[in-house]
Structure formats: C-alpha cells, structure tokens
Amino acid sequence: MTKLLAILFASVLVNNYTLVKFLGICPFLGVSKKVDQAAGMGIAVIFVMLVATAATWPIQTFLLDPYGLGYLQTIVFILVIAALVQFVEIVLKRYLPSLHQSLGIYLPLITTNCAVLGVTINNITDGYNFLTSMVSSLGCGLGFLLAMVLFAGVRSRVEEAIPPKPFSGIPITLISASIVALAFYGFSGIITNIFG
Amino acid sequence: MKKSGILLKGLLKENPVFVLVLGTCPTLATSTSVISALAMGIAATAVLICSNIAISALRNLIPDKVRIPCYIVVIAGFVTIVQLLMEAYLPSLYEMLGVYLALIVVNCIILGRAEAYANSHKVGEAALDGLGMGLGFLLALLCMATIREVFGSGSWAGFPIPFLKDHTVPILTQSPGGFLVFGVMIAIVSAITKGKAPAKKSFSCEGCPSAAACGKLSPASCEMSGKEAASHD
C-alpha cells in the first residue's frame, strides 16, 4: 500500500509529466485559457490514460513479450491507443451522450498526445505490474490535471497583461509556465522524506 | 517554388519550432545538452525525410478517410527502424533519449508535414521539405541546447568552458529553464522576423495532426473547441 501511494504521489507531484518531464505540452499550452476547459481536458486525459494502460499492459505482457515481438511496441501501442480513443468516443456518444458532450470534443485531440503514449511505454520500461501501472497512470493523469488547472488560473491573469510586443502571445505564456514549473520544484524530495 | 526555397524555408521563415511552434515536447526535453539535442534532431530528421518520401509516393493510394492512421503506421515504422539502429550502434545515445525516441511517432512536426505538404506534392519536393524542416528542427534544438548547456552546466557538448564552469546557472538545465529559454528564443525570432514570418499569435489546430481527425473542431483553432465546449453547456 505504501508503495502504491509512493508511486501515486511521485507521479502527481515530483515527476509531473507536464512540468517536469515535458510530455503533453501542446494541450497544456493550447487548452489552458479557461479553468473549466483545462479541467475538462485533464479529466479526459486521466480517462484515456487509464483505458490505454489497461489495454497496452496486457498486450505487451501476454502478446508481445512471449513471442519476442517487443520491437513492435511503438507501432502496436500507438495504433491501439488511436483505435481505443475512437471506440471510446463512439460508445460514449451512443450510451452516455451527456458525458460525451462534456468530454467528447477533447478525445480526438488526445489520440496523438505524447503523454498518453509516454505513460504506457514508461509503465513497461519501469517494470510495473498491472496494478502499479494503473496507479502510475492515474497519478500521471492527476498530475496533468493539476498542472492544467493551476496554469489556467495563472494564465487568465497573464492574458490581461500587456507585455513588450515580441513577447506577447506564446513567449509570455512559456515564461509563466516556467514560473509554475519552478513552483513544482518545491515538491522534489518529498517522496523520500515521507515514504523513504 | 524553387528547390532551394523549399529547403530554406524550414530554417528560419517557417522554422517548425520557433515560428510554427510544433514539436514542443522533444524540444524542451532533449535540449538539456548539445549531444542529446543533436541525436534527437538527427533521428527526427531521418524519420521526417523517410516518412515524407513514403507518404508522398503513396499519396494516390491512401484513401482520404483513413489517411491519418496510415500516416501514423508509416511514421511508427520508420521510428522503429531508427530505434533499432540506435540501440544497436549508439547504445549510450539510445539510453540518453529514452522514451523521447519512441515519442517521435507523435511529434507534431512529422504528422503535420505529412498532412500539410507530403500528401499534395511530388516525391522530390516532399523529400526536400522533410530535409529543410528537419534541419530547422535540428538548428532550433542546437540553439536551445547551446544556451542551456553553456550557461547551465558550463560546457559545450561535454567540453568544459574555462570561466563559465565555475559560474553555472543549474536551473537552466532543469525544466523551468527549458520553458524560459524557449519563450525568450521565440520572442527573439519574432523580433528578428518582425512579423514577416507567418506569425502564430496563439496555439491553433493548424499544425496539430489531430486537426483533420477531429471533424467537430471545424477548420478554426483550438480556441474554437473551447467556444464549442462553452456553447454545448
């Protein structure tokens, strides 16, 4: 149990996928203008990460590894994730239209999100079992949601500022992201201090 | 367009990183040192040239409706080839790049060029476009990595620099420094080109490979998706 908690907190705070490992920067910068959109995107990412891990971990363990097909990992994972996202979207549209309305528009954007592919590959590389893989995916998703929501809050203020002309738009956004990332550095070492 | 024009536009005028702002994840993650930036840039350029050639050659065979999955398979195939070659001949670089090597598959630059250029141009032009964009990516990575490594660790490609190695700013090699250097570089490039380049004022779906896949998001920008979201409520 302690180990699971350690993995969860490590992936939410210390190894935050967006601010520390630079995965999923596109949606982080693209959909963070308003807090509610940022939260919607974050929840959709958590959902897709969990579904993707639940599908790719068994494929790697029971299909690719026993038959020596490990080199197909990249191709198989991206195809599985792309197909899965489409499938989930169709199912949601048919059976849970209200959920589809709030999450649906974000789903296609997540297909080629490097955070989702990254978390599935990292779970295999780190040698996690099924349970720890799911916990680490949940942590990564929560970390993404946290970073998105925090940054959306910061950004809604930055949008109203008037920076020097070359800095307006993307540059000032990146510089404010830098300061948010600096804040996350306060968490480094927290895992060894609490669980170590 | 002239052949040299196709090649050169990727370097500054349509630089994929500093002007089109694509492929931000690998740019930020692998520009901590010059060596890893060089390895990433060369690997991505190789994949970009090969995938542009293959997709351009197959452009009349791939049905329009399933083109995105087809592109992804082509790109993933070339990425796997690069991964296997690197693991065999350059194992230390393979270790250094880690998961980011596999993540070339979802690099927006490669899918973006397939969608925006290779599927409507001849093989030769697509190859030149791939080379130009790849070199632009490499150049941008090297600029970022040089700044971050020289001031962050006081060395260049591993060679220590006399004065700076005693006066380093370690935060530059960490993630906040990455965002900071990237933001400043984009500001510098936009000041140099003075808006002559197709300046991108905000992040839009234009270069996003998923743009074509999500019909709902109309041709407009990602902000549009936000507005749609708001109007759904």
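**Exercise 1. Classify B:Glu115 by exposure, then describe its salt bridge in this predicted model.**

Step 1. B:Glu115 has a relative accessibility of 23%. Buried requires under 20%, and exposed requires over 50%. B:Glu115 therefore counts as partly exposed.

Step 2. Take the partner. B:Glu115 forms a salt bridge with B:Arg67, and the closest N and O atoms are 2.8 Å apart.

Step 3. Place both ends. B:Arg67 sits in helix α4 (residues 67-89) of chain B, and B:Glu115 in helix α7 (residues 108-116) of chain B. The two are 48 residues apart, so the pair links distant parts of the chain.

Step 4. Check B:Arg67. Its relative accessible area is 17%, so B:Arg67 is buried.

**Exercise 2. Which residues does the network around B:Arg113 and B:Asp129 join?**

Step 1. Start with the pair. The side chains of B:Arg113 and B:Asp129 meet in a salt bridge, at 2.9 Å from N to O.

Step 2. Locate the ends. B:Arg113 belongs to helix α7 of chain B and B:Asp129 to helix α8 of chain B. They are 16 residues apart, and this pair too links distant parts of the chain.

Step 3. Test burial. B:Arg113 is buried at 9% relative accessible area. B:Asp129 has 0% relative accessibility, so it counts as buried.

Step 4. Extend the set. Salt bridges with shared partners join B:Lys9, B:Arg113 and B:Asp129 into one network.

**Exercise 3. Describe the A:Arg155 salt bridge and the exposure of its two ends.**

Step 1. A:Arg155 forms a salt bridge with A:Glu159. The closest N and O atoms are 3.3 Å apart.

Step 2. A:Arg155 has 4% relative accessibility, so it counts as buried. A:Glu159 has a relative accessible area of 40%, so it is partly exposed.

Step 3. Put the pair in context. Over all chains, the count comes to five salt bridges.

**Exercise 4. What surrounds B:Glu149, a buried residue with no salt bridge?**

Step 1. Locate it. B:Glu149 is in helix α8 (residues 123-152) of chain B.

Step 2. Look for opposite charge. The nearest such side chain is that of B:Arg148, 9.7 Å away. A salt bridge needs nitrogen and oxygen within 4 Å, so this pair does not qualify.

Step 3. Look for polar atoms. A polar atom of the B:Glu149 side chain lies 3.1 Å from the backbone nitrogen of B:Gly158.

Step 4. List the contacts. Leaving aside neighbours within four places in sequence, B:Glu149 touches B:Thr32, B:Ser33, B:Val34, B:Gly154, B:Ser155, B:Trp156, B:Ala157 and B:Gly158.

**Exercise 5. Where in chain B is confidence lowest, and where is it highest?**

Step 1. Begin with the whole. The model scores ipTM 0.86 and pTM 0.84. Chain B averages a pLDDT of 80, and 83% of the residues score at least 70.

Step 2. Find the extremes. Helix α3 (residues 34-57) of chain B is highest, at 93. Helix α11 (residues 222-232) of chain B is lowest, at a mean of 35.

Step 3. Mark the weak stretches. The pLDDT is below 50 over residues 199-207 of chain B, which have 24 contacts beyond near neighbours in sequence. It is also below 50 over residues 212-233 of chain B, with 31 such contacts.

Step 4. Draw the consequence. Where pLDDT is low, predicted coordinates should not be read in detail.

**Exercise 6. Summarise the make-up of chain B.**

Step 1. Chain B has 11 helices and two strands. Of its 233 residues, 52% are buried.

Step 2. The accessible surface comes to about 10100 Å², with 69% belonging to carbon and sulfur atoms.

Definitions and conventions:
Residues numbered from 1 in each chain as written. Chains lettered and ligands numbered in written order. Heavy atoms only, no water. Helix = DSSP H or I, 4+ residues; strand = E, 2+ residues; numbered from the N terminus. Buried < 20%, exposed > 50% of the residue type's maximum accessible area, 1.4 Å probe, protein only. Lys, Arg positive; Asp, Glu negative; His and termini not counted. Polar contact = N/O pair within 3.5 Å; in protein donor to acceptor, adjacent residues only side chain to side chain. Contact = heavy atoms within 4.5 Å. pLDDT = per-residue confidence, 0-100. Areas by Shrake-Rupley, 256 points an atom, 1.4 Å probe, with all protein chains shown as cover.
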